[in-house]
Amino acid sequence: MTERPSRVRCMPPHEVDSHVPSVLSHEAELVARLEQALATLPDAERTAVIAAIGYAGGSVGAAMELGLEVDDADALTRNGLQLLRGALSDVDAHGQPLR
């Protein structure tokens, strides 16, 4: 006998409302800061960083997304990462303020 796939079951609203978010409060602040920093990047750098790092496409993914040569996309990605580092230079990798 083969196993049947589980059925979709409705959840009561109180279970959904009481669900603990997967992002902790200090991580949520870091994510918000990262989103804000990404929004300030020039379009090409933002697209390159998201394609290369966010979607794990590397320089080739950024090049395909931007329609550029790989070396040019790599340069844009590196520039975008430097800008992000500058925007987040006051916090560590865990979102804690540097002292």
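The paragraphs below go through a predicted model, taking its confidence, its helix α5, its open and enclosed spaces, and one unusual loop residue in turn.

The model is a prediction, and its mean pLDDT is 86, with 91% of the residues reaching 70 or more. Confidence is not even along the protein: helix α1, residues 13–17, has the lowest mean, 79, while α5 has the highest, 96. These values matter to a reader because, where pLDDT is low, the predicted coordinates should not be read in detail.

Helix α5 is a good place to start, since confidence is highest there. The helix covers residues 70–87, which makes 18 residues, and at 1.5 Å a residue it should span 26 Å. Its end C-alpha atoms are 26 Å apart, so the model agrees with the expected span.

Which residues of α5 are buried? They are A73, L76, T77, G80 and L84. Seen down the axis of α5, these buried residues fall within an arc of 100°, so they line one face of the helix. The spacing can be understood from helix geometry: an α-helix has 3.6 residues a turn, so residues three or four places apart point the same way. The face of α5 turned away from the buried side carries D71, R78 and R85, which are exposed.

The next topic is the open space in the protein. The largest pocket has a volume of about 160 Å³. Its lining includes L81, L84 and L88, together with L34 and L38. Also part of this lining are V49, I50, I53, G54 and Y55. L84 therefore appears twice in this account, as a buried residue of α5 and as a residue that lines the pocket. Helices α2 (25–40), α3 (43–54) and α5 each supply at least two residues of the lining, and α3 gives the largest share, with four. By class, nine of the lining residues are nonpolar, one is polar and none is charged.

The enclosed space comes next. There is one cavity of 30 Å³ or more, and the largest cavity has a volume of about 40 Å³. What lines this cavity? The residues are E29, L30, R33, V91 and G95. Two of the lining residues are nonpolar, one is polar and two are charged, whereas the lining of the largest pocket has no charged residue.

Helix α3 deserves a second look. Its buried residues are E45, A48, V49, A51 and A52, and V49 also lines the largest pocket. After α3 comes A56, which sits in the loop between α3 and α4 (58–66). A56 has a positive phi of about 55° although it is not a glycine. Is A56 buried or exposed? Its relative accessibility is 67%, and because exposed means over 50%, A56 counts as exposed. The C-alpha atom of A56 lies 14 Å from that of R78, a residue 22 places away along the chain. R78 is itself one of the exposed residues of α5.

Key: Residues are numbered from 1 along each chain as its sequence is written. This is a predicted model: local features need pLDDT of at least 70, side-chain atom pairs count only at pLDDT 80 or more; totals for chains, interfaces and linings use all residues. Side-chain values use heavy atoms; hydrogens and water are left out. The expected span of a helix is 1.5 Å times one less than its number of residues. Buried means under 20% relative accessible area, exposed over 50%, partly exposed in between (1.4 Å probe, protein chains only). The arc is that of the directions from the helix axis to the C-beta atoms. pLDDT is the predictor's confidence in each residue, from 0 to 100. On a 1 Å grid over the protein atoms alone, a cavity is a set of points where a 1.4 Å probe fits but cannot get out, and a pocket is an open set with protein on both sides within 12 Å along at least five of seven lines; lining residues have an atom within 4 Å of a point. Grid points are joined across faces, edges and corners, and a volume is the space filled by probe spheres set on the points. Ala, Val, Leu, Ile, Met, Phe, Trp, Tyr, Cys and Pro count as nonpolar, Asp, Glu, Lys and Arg as charged, and the others, Gly among them, as polar.
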